[in-house]
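These are my notebook entries on a structure I looked up. The entries follow the order in which I went through the model.

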Amino acid sequence: MTHDDITADAVSGPGGTPPGPSAVPPATADTDAESTGRDTAPSPADAALPPELAPAALTLFGDRLDLAAAYAELLATDGVVRGLIGPREAPRIWDRHLLNCAAVAERIPSGATVLDVGSGAGLPGLVLAIARPDLTVTLIEPLARRTSFLIEVVERLGLAKSVRVFRGRADEAASGSSGREPISGDVVTARAVAPLDRLAGWSLPLAVRGGRLLALKGSSAAAEIEEYADVVARLGGGEPAVQLCGVGVIDPPTTVVEIVRERMVGQARPAAKKRARGGRSRRG
């Protein structure tokens, strides 16, 4: 999942698709090759673990490295064909995506419940579920074609006992819309979803008090903290801190903005309709 791929759907909010089951047929390899300029369909060889990254991969995934490799292959093949991963990203899946996401596991306590906002192709949520079988992970994603892919991957990797897919926006997950119970977790993760002010507004309501948001960021982390620290405080978050994950394991380490939810700030409620005399609502 590239930064541009995710943010294209987050410009106007944390998703614009109504929740509910949906199945979207995948595009064909021929169509994808024509639209992306590829001469051939994606190959599983694109997902091969580079030898120089093998020590880091073994450190981060341990005895679940084969499971991570199976996920990498799905990303490099079905993920590319269905438009969740750019074709140029396939050869860089390990260093740019899987290892980058897996390093964040060091900031997550044992046995935690994790909610992954704007999960897309499952980054970082599915990677964390693979690296840390002790976690319970919910992948929150509003777009049908992405949730369809996520459901299939969870089943094919045998992760259904620890991973669920929630189709809907972050605010819908937090409030419990469409007859569903509100959900919350110890840790909320997000990668390249939105600037910190909007991301905190969507994600902090999903964290329990004392829980935390782990936002994977790049070089913009410090600047975003300086610009949006006041907004984060109004939303009930503590002082944002930059954490470097995977130091000594991956180069460069993963940059994470960590925010603890210190206060429970209620969400704004819609204004009540004015009532006319006799107790009946006025019609506009």
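Entry 1, cysteines. I looked up Cys101 in this predicted model and found a relative accessibility of 0%. Since the cut-off for buried is under 20% relative accessible area, Cys101 counts as buried. I then turned to Cys245, which also has a relative accessibility of 0% and is therefore buried as well.

Entry 2, disulfides. I asked how many disulfides the structure holds. The search returned zero disulfides. For the record, I note that a disulfide is a covalent bond between the sulfur atoms of two cysteines.

Entry 3, a surface patch. I looked for nonpolar residues on the surface and recorded a patch of about 260 Å². Val242, Leu244 and Val247 make up this patch. I placed Val242 in strand β6, which covers residues 241-245. Is Val242 buried or exposed? Its relative accessible area is 40%; buried requires under 20% and exposed over 50%, so I entered Val242 as partly exposed.

Entry 4, the chain as a whole. I counted ten helices and seven strands in the protein chain. The chain has 284 residues, and 49% of them count as buried. For the accessible surface of the protein chain I noted about 13,800 Å², with 51% of that area belonging to carbon and sulfur atoms. Lastly, I took the contacts with a separation of 6 or more and found that residues 24 or more positions apart account for 71% of them.

Key. Residues are numbered from 1 along each chain as its sequence is written. This is a predicted model: local features need pLDDT of at least 70, side-chain atom pairs count only at pLDDT 80 or more; totals for chains, interfaces and linings use all residues. Side-chain values use heavy atoms; hydrogens and water are left out. Helices (H or I, at least four residues) and strands (E, at least two) are DSSP runs, numbered from the N terminus. Buried means under 20% relative accessible area, exposed over 50%, partly exposed in between (1.4 Å probe, protein chains only). Contact means heavy atoms within 4.5 Å. Accessible areas come from the Shrake-Rupley method with a 1.4 Å probe; for residues, only the protein chains shown count as cover. A disulfide is a pair of cysteine sulfur atoms within 2.5 Å. Patches are made of residues with over 30% relative accessible area and no salt bridge: like charges are joined within 9 Å, nonpolar side chains (Val, Leu, Ile, Met, Phe, Trp, Tyr) within 5 Å. A salt bridge is a side-chain nitrogen of Lys or Arg within 4 Å of a carboxyl oxygen of Asp or Glu.
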